[in-house]
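Hi everyone, thanks for coming. I've got one model to walk you through today, so have a look at the screen and stop me if I go too fast.

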Amino acid sequence: GRELLNKKSLPEGLPLISKYVKDVSGADRCSIFINDTQKQELWTTIADGIDKIVVSSDEGIVGRVLKEKKPIVVNDVSLSPDFLSKIDLESGYKTTNIIASPIFDSTREVAGVLEVLNKEGGFDDDDIKFMVFFSNYISGVLELVNVYK
């Protein structure tokens, strides 16, 4: 946390967030989606292995998280009608499981979604607790960085 707070810009801090989430969760990839309410889409500020992902705010697992305002675990994406396989096709990456959690702003609106992919053995209740805690932690950091800018 101290290292993250010492960063002066969002682009400097985001890779630290991604690295920490992957290290703690044991997952392979991490993405942070920002909710653009005007365009009604979610786009990534950071996405491991791919430049940028943009999806409609009602699409995919991240869209479902935005709508339901709660974390979602999908331990077999082949069984989920919400999984967007087109992103795997475009990136060449194979997603097997996902956990995603809403990032609330200070007014309790969903400002974004933290998504983590591919944990060997799948995600469990401890992962949900961590994602909720960490999503709350980074929400404040993201807001403070934007205010500072």
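Let's start with a single residue: is Glu109 buried, partly exposed or exposed? Keep in mind that what you're looking at is a predicted model. Glu109 comes out as partly exposed, because its relative accessible area is 44%, and that falls between the 20% limit for buried and the 50% limit for exposed. Where is it, then? Glu109 sits in the loop that links strand E5 (98-104) to E6. Leaving out residues up to four places away in sequence, Glu109 touches Lys69, Ile103 and Phe104. Now try finding Asn35: along the sequence Glu109 and Asn35 are 74 residues apart, yet from C-alpha to C-alpha the gap is 9.8 Å.

Okay, on to the sheet. It's an open one with 6 strands, and if you walk across it you meet them in the order E3-E2-E1-E6-E5-E4, with antiparallel pairing. At the edges you've got strand E3 (54-56) and strand E4 (72-74), each pairing on one side only. On average, neighbouring strands here are turned by 25 degrees against each other, if you ignore direction.

Let's zoom in on one pair. Strand E1, residues 27-36, runs antiparallel to strand E6, residues 110-119, and 7 bridges join the two. If you want a spot to look for, Phe33 stands opposite Val113 in E6.

Next, a tryptophan. Trp43 belongs to strand E2, residues 41-47. Which label does Trp43 get for its accessibility? Partly exposed again, since its relative accessibility is 25% and the buried label needs a value under 20%. Trp43 has quite a list of contacts, again skipping residues up to four places away: Ile32, Phe33, Ile34, Asp36, Lys52, Ile53 and Val54. Trp43 and Ser56 are 13 residues apart in sequence, and their C-alpha atoms are 8.7 Å apart.

Last stop: the holes. How many cavities of 30 Å³ or more are there? The count is 2, and the largest has a volume of about 270 Å³. That largest cavity is lined by 23 residues, with Ile53, Ile87, Thr95, Glu115 and Leu117 nearest its centre. Sorted by class, the lining has 14 nonpolar, 4 polar and 5 charged residues. E1, helix H3 (60-68), helix H4 (85-91) and E6 each put in at least two lining residues, and E1 gives the largest share, with 4.

That's my tour, so over to you for questions.

Notes
Residues are numbered from 1 along each chain as its sequence is written. This is a predicted model: local features need pLDDT of at least 70, side-chain atom pairs count only at pLDDT 80 or more; totals for chains, interfaces and linings use all residues. Side-chain values use heavy atoms; hydrogens and water are left out. Two strands pair if DSSP finds at least two bridges between them. Axes are lines fitted to C-alpha atoms, for helices over the stretch in contact, and angles run from 0 to 180 degrees between N-to-C directions. On a 1 Å grid over the protein atoms alone, a cavity is a set of points where a 1.4 Å probe fits but cannot get out, and a pocket is an open set with protein on both sides within 12 Å along at least five of seven lines; lining residues have an atom within 4 Å of a point. Grid points are joined across faces, edges and corners, and a volume is the space filled by probe spheres set on the points. Ala, Val, Leu, Ile, Met, Phe, Trp, Tyr, Cys and Pro count as nonpolar, Asp, Glu, Lys and Arg as charged, and the others, Gly among them, as polar. Buried means under 20% relative accessible area, exposed over 50%, partly exposed in between (1.4 Å probe, protein chains only). Contact means heavy atoms within 4.5 Å.
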